[in-house]
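Reader: I should be grateful for a close look at one part of this protein chain. Please begin with the pairing at one side of its sheet, and then place that part within the whole.

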Amino acid sequence: MESRKRSRQDDIAGCSSDLQEPVDKPACKYGSDCYRKNPEHLVKFSHPGDSGSSSSGSHGDAPPNKLLKTESHDIHYADSIDCNKCPCPLFYLTKVSGLAASHNAPDIAIGIKDILSPSMGNLEASAQFNYMFDIPWLMEQYPVAFRDKPLLVVHGDQREALSRLRCEADPFPNIKLLQARLDIMFGTHHSKMMLLAYQDGGLRIVIHTANLISRDWHQKTQGVWVSRKFPKLSNDVDLHQTGFKSDLLEYLSAYRNIGLGEWVERIKKHDLSEAGVNLVASVPGGHCGRDMLKWGHMKLRKLLSQHGPSSSMVSSGWPVIGQFSSIGSLGPSSTHWLTGEWLTSLSATHGTGITATKTAKLNLVFPTVENVQNSLEGYPAGGSIPYSSQNAHKQAYLTNYMCQWKAASVGRSRASPHIKTYARVSDDCSKLSWLLLTSANLSKAAWGGLEKKGTQLKIRSYEIGVLFTPKDENSSYSLSKCSSNNQMRVPYDLPLIQYTANDQPWVWDNKYLQPDCLGQVWTPS
């Protein structure tokens, strides 16, 4: 999961004006990753981005949370985008402030204002599913004419965070909040999706990797899949319902909340047959029998056995590449989960069914300390890359699979990755057999873990992603800087660069006293 940091100055000013801050506050041990919203906590402890915080180093005149407010100053939002035209990107990267215009070109990148632009359609209503929300900021991303349209906010906030969200939403009578059920401990509502309904009857679905907060759309590498505008069915009866549509409806039904009923009915009345992707989602629960194949890595295993590459095409030299921004507790050895059930699912090929197959070579792309240190945001970028020292110590074997974050081909080597992708690439780095763009990080909570002798898949969190596969099992995508038709991009450079002996994965609760590129140090306590 990502850090739950929001503007603490707003918290204190808006909800606890009677509390007085001590002159010399001790630093919160969680630093910029602190998720607590309790005003007393915010007053008692200092956090990165607060005035005078030690994490701001010599850059104290412009703390990180202020620097990230410049998004609209140097990103041009397109006046016209038509995602119904072909060729169009299979998925976009988000625009990044400070890059050359060529790296934010319309065939590569998109911004949230582009997605919500009138050029995409005259909005009638929308729904936003996400992990983190800044409601005032989100409303500013909608065009003025659409800011009073019905907006459903689907979240997982509880306790103090829920109170804050309600406080933020209160000035906007068009907003309804829907709280996702989180019945299993340590689960989160981590899915990131937009449902956009238009006045002409069209419907668009957007699945992406960014929280709905300013910094996630500013200088990070994110991924966005934007569907074409789906038309209404001619007679409200779908005679050719695709797997994408049925899977999306099943995902929404898993919330068990009547507040989603209106959107379920909208989707039922639309033709989603041109989606061109398959859905891979996770919902909390202990899934058994046929339900075990509906979610998480077992769903991906099933889809790859149906639509994936032939075993003859992807020899053992075609590695699986996982790229993510957070790592959970994976077990004491690689075979416990990582190269066991999880890699078995990602190694599945056409026609193999769900039985175990020979697993592929595995590479994991995860930022090094140096990657974070030299990023556009400096150390504060690490607040969105949660990997604890406790987990890193227990699973040192991961470094055997790790590769540096390098993305010069798309101009994003210094744009810290928050995108999550999983793919299978040819050994010569020229072809790709499939790619999954998803909210799911590398964790059992997101992907699920088999229990009860393999008869149950336990998942803690909500996740959602889209799987791209070629037209048949003997086809592949050509790897390219752009992503359209039979060409596909990955967000990192190929060939990958393995960690050197001096490289260490970023660990967010370690201290880093060597100043970053902005002169800051990182001192969580």
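Author: In this predicted model, strand 4 (residues 151-155) and strand 5 run parallel and are joined by 5 bridges. One of the residue pairs involved can be named: V154 has L178 of strand 5 as its bridge partner. Helix 7, residues 159-169, packs on the sheet here and touches both strand 4 and strand 5. The direction of helix 7 makes about 165° with that of strand 5.

The two strands belong to an open sheet of 8 strands, whose pairing is mixed and whose order is 2-1-9-7-6-3-4-5. Strand 5 (175-179) is an edge strand of this sheet, as is strand 2 (109-110), and each of them pairs on one side only. In the order of the sheet, strand 4 stands between strand 3 and strand 5.

The cysteines may be taken next. A disulfide is a covalent bond between the sulfur atoms of two cysteines. The structure holds 0 disulfides. As to accessibility, C167 is partly exposed, at a relative accessible area of 44%. C517 likewise counts as partly exposed, with 35% relative accessibility. Both values lie between the limits of 20% for buried and 50% for exposed, so neither C167 nor C517 belongs to either of those classes.

The nonpolar interior can be described through its cores. The largest nonpolar core has 65 residues, and those touching the most other members are M193, I205, F244, Y251 and F468. Helix 8 (residues 243-253) gives this core its largest share, 5 residues. F244 may serve as an example of the contacts made: leaving aside residues up to four places away in sequence, F244 touches I205, W225, L272, A275, V277, N278, L279 and V466. Apart from this core lies another, of 43 residues, which includes F324, Y387, Y397 and L436.

Finally, the part examined above may be set against the chain as a whole. The protein chain contains 14 helices and 22 strands. It has 525 residues, of which 60% count as buried. Among contacts with a separation of 6 or more, 75% are between residues 24 or more positions apart. The chain exposes about 20,800 Å², and carbon and sulfur atoms supply 50% of that area.

Terms used: Residues numbered from 1 in each chain as written. Predicted model: local features only at pLDDT ≥ 70, side-chain atom pairs only at ≥ 80, totals over all residues. Heavy atoms only, no water. Helix = DSSP H or I, 4+ residues; strand = E, 2+ residues; numbered from the N terminus. Buried < 20%, exposed > 50% of the residue type's maximum accessible area, 1.4 Å probe, protein only. Contact = heavy atoms within 4.5 Å. Areas by Shrake-Rupley, 256 points an atom, 1.4 Å probe, with all protein chains shown as cover. Core = buried A, V, L, I, M, F, W, Y, C linked by side-chain atoms within 4.5 Å. Disulfide = S-S within 2.5 Å. Pairing = 2+ DSSP bridges. Axes fitted to C-alpha atoms, helices over the stretch in contact; angles between N-to-C directions.
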